[in-house]
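Please look through the sequence and the structure shown below before reading on. The report then follows the chain from one detail to the wider arrangement.

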Amino acid sequence: MIGLPAAITACLFDLDGVLTSTASVHRTAWRRTFDELLARRGHAPFTDEDYTTYLDGRSRLDGVRAFLASRDLDLPEGTPDDPTDTETVHGIGARKNALVLRLIDESGVTPFPGSVRYLTAARAAGLAIGVVTSSANAAHVLGAAGLDEFVQARVDGKTITREGLRGKPAPDAFLACAGLLGAAPAAAAVFEDALAGVEAGRAGGFGHVVGVDRAGQAAALAEHGADVVVRDLADLLEVPP
Ligand SMILES: O=P(O)(O)OC[C@H]1O[C@@H](O)[C@H](O)[C@@H](O)[C@@H]1O
């Protein structure tokens, strides 16, 4: 009925790319931010593979650091107050975030219809529902998508910073959310579209890891830790019990 093993009592959903179509907003904002910097320094442009490998699923600053290191670019850390035109890790993060907020403001946030169907079915089946995301904009995105009513616990980029948790691919955020829902890892399912996210699901010993393939990377999701890969959450509703 819900396409999960019988032992599962809680569902832990990533947000961008799993519940809402905002992964493409993040990718666009990262591309624009880095392409300006790369052009100024004579480097080749940002690629989709850069997004998948260094940015997708990771917290904003972890992503900036990982991408800069991949291009041998050594920029100062800066501070959280750095303005958007500062060439520091924090300044780049601030610039990208201003762009994300503007893009969300202009286009709104669309939940995937299949994800809304799945959330409705999971709630009707009595499963606990949590959202686990590296994004510090999760409250804004969930509200704009109209998904608040489904979410019983949320661990997001702000929680991760405040509580000093390790970001994905470490399992800390998923473990914290399972704890908030009163579920042991073995009784919780992780739903992720990012390689760093399915890795976190595997590392945390969760009962089931669902890879959501929105970008033609089904094989990589399975290699990095997904027990099953679907193109849309509604596909799970067709799985025989
Ligand atoms: O900059 P934010 O909104 O805090 O988001 C951080 C990261 O959140 C993740 O959910 C996205 O996959 C990344 O692309 C994004 O960079």
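In this predicted model, Ala220 belongs to helix 10, which covers residues 218–224. Ala220 counts as partly exposed because 17 C-beta neighbours lie inside 10 Å, whereas a buried residue would need 20 or more and an exposed one 12 or fewer. Between Ala220 and Val198 there are 9.8 Å in space, C-alpha to C-alpha, although the two are 22 residues apart in sequence.

**The two domains**

The domain assignment of the protein chain gives domain 1, made of 10–22 + 110–238, and domain 2, made of 24–107. The centres of domain 1 and domain 2, taken over C-alpha atoms, are separated by 23 Å. Where the domains meet, 17 residues of domain 1 are in contact with twelve residues of domain 2. On the side of domain 1 that touches domain 2, helix 7 (157–162) and helix 9 are the elements that give two or more residues, and helix 9 gives the most, with three residues. Sorted by class, this side of domain 1 has seven nonpolar, eight polar and two charged residues.

**The ligand**

Around the ligand there are 18 residues, of which the closest are His26, Arg60, Ser135, Ala136 and Asn137. The shell around the ligand takes residues from both domain 1 and domain 2, and therefore the ligand lies between them. Helix 1 (23–40), helix 3 (60–70) and helix 4 (89–107) each supply at least two residues of this shell. By class, the shell is made up of five nonpolar, ten polar and three charged residues.

**The nonpolar cores**

In soluble globular proteins, nonpolar side chains tend to be buried together. Here the largest nonpolar core has 49 residues, and those with the most contacts inside it are Leu12, Phe174, Ala188, Ala189, Val190 and Phe191. Among the elements that each supply at least two residues of this core are strand 1 (10–13), helix 5 (113–124), strand 4 (188–192) and helix 8 (172–180), and helix 8 provides the largest share, five residues. When residues up to four places away in sequence are not counted, Val190 touches Leu12, Phe174, Gly201, Phe206, Val209 and Val210. Another core, of 13 residues, lies apart from the largest one and includes Phe34, Phe46, Tyr51 and Leu55.

**Helix 4**

What length should helix 4 have, at 1.5 Å a residue? Its 19 residues should span 27 Å, and the end C-alpha atoms are 27 Å apart, which agrees. The buried residues of helix 4 are Val89, His90, Gly91, Ile92, Gly93, Ala94, Arg95, Lys96 and Val100, and these residues pack against helix 1 and helix 3.

**Backbone details**

Most residues other than glycine have a negative phi, and most peptide bonds are trans. The table gathers three places in the chain where a backbone angle deserves a look.

| Place | Angle and value |
|---|---|
| Asp72 | positive phi of about 55 degrees |
| Gly108 | positive phi of about 75 degrees |
| Lys168 to Pro169 | omega near 15 degrees |

Asp72 has its positive phi although it is not a glycine, and it lies in the loop between helix 3 and helix 4. Asp72 is exposed, because 7 other C-beta atoms lie within 10 Å. Gly108 comes just after helix 4. The peptide bond from Lys168 to Pro169 is cis, and Pro169 is found in the loop between helix 7 and helix 8.

Methods: Residues numbered from 1 in each chain as written. Predicted model: local features only at pLDDT ≥ 70, side-chain atom pairs only at ≥ 80, totals over all residues. Near = placed C-beta within 6 Å. Helix = DSSP H or I, 4+ residues; strand = E, 2+ residues; numbered from the N terminus. Nonpolar A, V, L, I, M, F, W, Y, C, P; charged D, E, K, R; others polar. Domains from an automatic or database assignment. Core = buried A, V, L, I, M, F, W, Y, C linked by C-beta atoms within 7 Å. Contact = placed C-beta atoms within 7 Å. Expected span 1.5 Å × (residues − 1).
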